[in-house]
Amino acid sequence: MREEHVNELVELLQLERLEDNLFRGQSRDIGTRFVFGGQVLGQALSAAQQTVDPSREAHSLHAYFLRAGDIDAPIVYSVERARDGGTFSSRRVLAIQHGQPILNGSISFQVPEKGFEHQTAMPEVPAPEDVETMRPLPPDELAKLPVKLQRWLGIDGPFEFRLVWPRDEMHPVKRPPIQHIWFRLAAPISDSAILHRALLAYASDFHLIGTATLPHGISYLTHNVQMASLDHALWFHRPFRVDEWLLYSFDSPTAQGGRGLARGQIFDRTGRLVASTAQEGLIRLRSE
């Protein structure tokens, strides 16, 4: 079943080309109320990449989520070829549904070159084989949740996650805003670096803003909490494979004004820093 979900996700990122700079993508209902933000990020990157020479590799993505996406409608991606220089190419991407923009992003590409090297060290955590897989919610607790949320929590998705410090999302307790999660695609895929980057863009939206909720004893399952991603930044540093174990290390330096900021570093299991992320999200306590 997981291999089917992997194949479905890979197909989801292969957009239909409508014009030179115009693409159309479909959505996958994974049980969320709206289109999953990572899907739009991955598809936006895929659209932009198709307008750039394949020898130029994406190194940074910056996007704003403007509106919630409709799962039942296609998404059109309009790419503006902002600049093609001797080494770098810049693209602006607008994701559109029902005539309205749902995401506005900028993506930069670079011809690979050698330069100075340094990085922070990977946190000392157990190997993925020594970390338990995520356990499903007990059936009686799952039944208390909305049907769509039951589907989100009950689906064996295309990615496998192993939390170094597990957390009960139904009964969260206050703890420092730091977490470490091993993840990988649940089935092997081709060697295409372009595909691996698009899939990492998809996966990079998992667990980020949730890190900002940790000190407050709340989660996305808390009935009176409203959460939504506002923006997303992603930097690719070094080659990687998403079908091999990667460590996603998160922290949240601040929350204020109904917003929380979270940062992430993604390492391969040898300790190489392969990508970095940052995201600000809405975290609002609604009146009862």
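Me: What makes the 59 residues a nonpolar core in this predicted model?

Reply: A nonpolar core needs buried residues of the nonpolar kinds, joined through side-chain atoms within 4.5 Å. The largest such set here has 59 residues. Tyr 77, Leu 103, Phe 159, Phe 183, Leu 199 and Leu 200 touch the most other members. Helix H5, residues 193-203, gives the largest share, with seven residues.

Me: Why is the set with Val 131 and Val 164 called a second core?

Reply: Members of a core have to be joined through side-chain atoms within 4.5 Å, and this set of seven residues is separate. Phe 267 and Leu 273 are included in it too.

Me: Which residues does Phe 183 touch, leaving out those up to four places away in sequence?

Reply: With contact taken as heavy atoms within 4.5 Å, the list is Phe 159, Glu 160, Phe 161, Leu 200, Ala 203, Glu 244, Trp 245, Leu 246, Tyr 248 and Ile 266.

Me: Why does the radius of gyration agree with a compact globule?

Reply: For 288 residues the globule rule gives a value near 19 Å, and the protein chain has 19 Å, so the two agree. Along the principal axes, the C-alpha atoms fill a box of roughly 55 × 45 × 40 Å.

Me: How much of the protein chain counts as buried?

Reply: The cut-off is under 20% relative accessible area, and 47% of the 288 residues are buried. The chain still exposes about 14,600 Å², with carbon and sulfur atoms supplying 52% of that.

Me: What share of contacts joins residues at least 24 apart?

Reply: That's 73%, counted among contacts between residues at least 6 apart in sequence.

How values were computed:
Residues are numbered from 1 along each chain as its sequence is written. This is a predicted model: local features need pLDDT of at least 70, side-chain atom pairs count only at pLDDT 80 or more; totals for chains, interfaces and linings use all residues. Side-chain values use heavy atoms; hydrogens and water are left out. The radius of gyration is taken over C-alpha atoms; the globule rule is 2.2 Å times the number of residues to the power 0.38. Buried means under 20% relative accessible area, exposed over 50%, partly exposed in between (1.4 Å probe, protein chains only). Accessible areas come from the Shrake-Rupley method with a 1.4 Å probe; for residues, only the protein chains shown count as cover. Helices (H or I, at least four residues) and strands (E, at least two) are DSSP runs, numbered from the N terminus.
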